[in-house]
Amino acid sequence: MAGLREWMVAGGIVLQDESVLLVQNLRRNGTLDWSPPGGVIEVAEGESLLDGLTREVREETGLLVTSWGGPLYEVVAEAPGLGWRLRAEVHVALAFEGALCVADPDGIVVDARFVSLADCEAQLGGCHPWVREPLTEWLDQRWEAESPPRPFGYRVDGDRVAEAQVTRLAR
């Protein structure tokens, strides 16, 4: 796996009543998909994971998370043909304030809304399995934060994202 670009990503699950917060992402190829808010965290630049997650959620949605729980789960996705490895740690918001307002400085997030739990899986239909599957499993089962967090692993085979084969790994 030497020579792969590695990313550390933090994701936030924000619940309100019987809804979960999702953001709509505009991808480089012009497609749109939905995911929980979060993003790449620059731990090497001195930003803690939770500080980075709080910043990302604020930028993408306008909401300020004042307390986090977790991590709930961790995702590792490896795509050797595409040259990357992703590790994501996902936390749940215990308290937040503010009103929804999209102002993503990266221009990736173009919408944010609370989606009913009944509609969540359909809303996530266009996103990657390593985002959709762990989130929908947690929403169904609602396990407590674990140490270490519950692991999810994926291998992405191919050299084009649109045609890649994604395999969920036993972890």
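Author: Helices (H or I, at least four residues) and strands (E, at least two) are DSSP runs, numbered from the N terminus. This is a predicted model, where local features need pLDDT of at least 70, side-chain atom pairs count only at pLDDT 80 or more, and totals for chains, interfaces and linings use all residues. Residues are numbered from 1 along each chain as its sequence is written, and side-chain values use heavy atoms, with hydrogens and water left out.

Reader: Where does Asp17 lie?

Author: Asp17 sits in the loop between β2 (15-16) and β3 (19-26). Its phi is near 55 degrees, a positive value in a residue other than glycine.

Reader: Why is Asp17 called exposed?

Author: Exposed means over 50% relative accessible area, buried means under 20%, and partly exposed is in between (1.4 Å probe, protein chains only). Asp17 has 74% relative accessibility, so Asp17 counts as exposed.

Reader: What makes Arg142 partly exposed?

Author: Arg142 has 36% relative accessibility. That value falls between the two cut-offs, so Arg142 is partly exposed. Arg142 lies in the loop between α3 and β9 (150-157). Its phi is near 50 degrees, again positive in a residue other than glycine.

Reader: How do you know that the span of α3 is close to the expected one?

Author: The expected span of a helix is 1.5 Å times one less than its number of residues. Helix α3 (residues 129-141) has 13 residues. From first C-alpha to last, α3 reaches 18 Å, close to the 18 Å expected.

Reader: Which residues of α3 are buried?

Author: They are Pro129, Trp130, Pro134, Leu135, Thr136, Trp138 and Leu139. In general, an α-helix has 3.6 residues a turn, so residues three or four places apart point the same way.

Reader: How many disulfides does the structure hold?

Author: Zero. A disulfide is a pair of cysteine sulfur atoms within 2.5 Å. The cysteine sulfur nearest to that of Cys120 belongs to Cys127 and is 8.7 Å away. That is outside the cut-off, so Cys120 is in no disulfide. For Cys127, the nearest cysteine sulfur is that of Cys120, at 8.7 Å. Cys127 is in no disulfide either.

Reader: Why is Cys120 called buried?

Author: Cys120 has 1% relative accessibility, which is under the 20% cut-off, so Cys120 counts as buried.

Reader: What makes Cys127 buried?

Author: Cys127 has a relative accessible area of 7%. That is also under 20%, so Cys127 is buried.

Reader: Which peptide bond is cis, with omega near 15 degrees?

Author: The bond from Gly70 to Pro71. Pro71 is found in strand β6 (residues 64-79).
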